[in-house]
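Thanks for coming. Let me take you through one model, helix by helix.

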Amino acid sequence: MNVYIPLASKYRPQKFADVIGQDVAIKIITCGMQKNRLGAALLFSGTHGVGKTTIARILAKAFRCEEYDRGDPEPCCRCASCLGFASDNQTDVVETDAASNTSVDDVREIIESCQYRPISGRYRIFIIDEVHMLSKSAFNALLKTLEEPPSHVKFLLATTETHKIPETILSRVLRFDLKKVDLSLVAQYLSSICNQEHISASAEALSLIAGAGDGSIRDSLSILDQAINMSANNELTAQNVRDMLGVSDDTDIIELLKLILSSNLKDSIAQYRSIIKSNISPHMVVRRLIDCIYILACLKTNVEPQENALSENALPQLRELSNAASLPALSRVWQMLLKGVEELKLCDHPEVVLEMILTRISYASGLPDLHEIINAFSGVREKCTARKPDNAISSNSLFDDAQKMFPDATIC
Ligand SMILES: [Zn+2]
């Protein structure tokens, strides 16, 4: 019987070229390797599952590759050293998880072993995962070695929380802030994995999985693993995935939209918190809100909606909601949600970021749009004109005044 290997382990990249969505970092690393200009300590930061440890391991392999001098920064994957990585047999590479080895004694052990030259190859390499968990005295002990590292030693550090690392350490490392991976790129990657696994998956199903993975390759592959387990005949449909993710019914998200459009901030936040409690990522919440706005706009303009990721029960509920907001107001919410998608990628705490985005949208939903403002001004103008015909106000100047007074309002 075959041993089951999770997809995230089975398809863990072995070369820089296999890493998904971190082109800038990979370019800097490979150019630095070619010019031999990478320092003794590198730090990889970013949320979980974006490739920090994976890149550190590939880099360790590349540093120790016996064909290091051949001019190609990629590890050759065929020399004795590279093959040692494949079989987990590398005495000169020490990988530590600082989450369970936080004390100064743990770091001293590493520092003492730094003085020994590698048994084979040119470098001894220390990979320290979750390095922010080290104690203050452990960081101080590490600092001395980072200031004057032996030439045969490389430190590859990884963290999800850079702000917890002392400035003195940060100033001595080459930093790489890895971003969440673009969702369309994740969906493409999942599609290539499905091809290799002989799984038939619809684009919508993969897009739902990528959205739920929220830019983390590891999470996305783990969700794909679960979806494959639950699928019948190795076929993944959007409905299977929706059922598995607990988003087969969009009532919760439509309720949230209703509260936002009525500027009910307090209840909006409460509804949002209740949604994310069921393990639905903030990114998924935004995505579903965007889909709802799209359907509402189609309903208001009598346009047939294109295929979307909402469930079958969403349309009748959205039809009921279609009178709750004007087309300009929907357009405004749409723009703010799209901007929110970008903001979610920039911060390590998407749950909090989305609360701020909802606050902004909820506030803006209560603002009048330019049509309403101009109509209000027109009423004033008529009164002024009736009183002083020689001193009539031009509609252009009313429009300019309205724009100055309500800079947030949308032009219809
Ligand atoms: Zn090699």
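A quick definition to begin: here an axis is a line fitted to C-alpha atoms, for helices over the stretch in contact, and angles run from 0 to 180 degrees between N-to-C directions. And a reminder: this is a predicted model.

Start with helix 16, residues 327-346, and helix 17, residues 350-365. Their axes come within 10 Å and cross at roughly 160°. Angles over 145 degrees count as roughly antiparallel. Helix 16 and helix 17 are therefore roughly antiparallel to each other. The crossing is right-handed.

Who meets whom? From helix 16 we have A329, R332, V333, M336, G340, E343 and L344. Helix 17 answers with P350, V353, L354, I357, R360, I361, A364 and S365. Sorted by class, that contact has 10 nonpolar, 2 polar and 3 charged residues.

Next, helix 9, residues 203-213. How many of its residues are buried? The count is 9 of the 11, so helix 9 is largely enclosed by the rest of the structure. The buried ones are A205, L206, S207, L208, I209, A210, G211, A212 and G213.

What do they pack against? On the helix side: helix 8 (183-196), helix 10 (217-230), helix 11 (238-245) and helix 14 (282-301). On the strand side: strand 6 (200-201) and strand 7 (235-236). Just after helix 9 comes D214, and its phi is positive, near 55°.

Let me pick out one of those partners, helix 11. The axes of helix 9 and helix 11 come within 7 Å and cross at roughly 25°. Under 35 degrees counts as roughly parallel. The two helices are therefore roughly parallel to each other. Helix 9 passes helix 11 in a left-handed crossing.

At this contact, helix 9 brings E204, A205, L208, I209 and A212. Helix 11 brings A238, N240, V241, R242 and L245. The split is 7 nonpolar, 1 polar and 2 charged.

Now the core. In soluble globular proteins, nonpolar side chains tend to be buried together. The largest nonpolar core here has 98 residues. Which members touch the most others? They are L59, L156, L157, L190, I209, V241 and C292. Helix 14 gives the most to this core, with 8 residues.

Two of those names are familiar: I209 and V241 also sit in the contact of helix 9 with helix 11.

Last, L157. Set aside its neighbours within four places in sequence. L157 is then in contact with A41, L42, L43, I128, V131 and V173.

That's my tour. Over to you.

Conventions:
Residues are numbered from 1 along each chain as its sequence is written. This is a predicted model: local features need pLDDT of at least 70, side-chain atom pairs count only at pLDDT 80 or more; totals for chains, interfaces and linings use all residues. A residue is buried if 20 or more other C-beta atoms lie within 10 Å of its own, exposed if 12 or fewer, and partly exposed in between; C-beta atoms are placed from the backbone. Helices (H or I, at least four residues) and strands (E, at least two) are DSSP runs, numbered from the N terminus. Two residues are in contact if their C-beta atoms, placed from the backbone, lie within 7 Å. Angles under 35 degrees count as roughly parallel, over 145 as roughly antiparallel, 65 to 115 as roughly perpendicular and the rest as oblique. A crossing is left-handed if the near helix is turned anticlockwise from the far one by less than a right angle, and right-handed if clockwise. Ala, Val, Leu, Ile, Met, Phe, Trp, Tyr, Cys and Pro count as nonpolar, Asp, Glu, Lys and Arg as charged, and the others, Gly among them, as polar. A nonpolar core is a set of buried Ala, Val, Leu, Ile, Met, Phe, Trp, Tyr and Cys residues joined through C-beta atoms within 7 Å.
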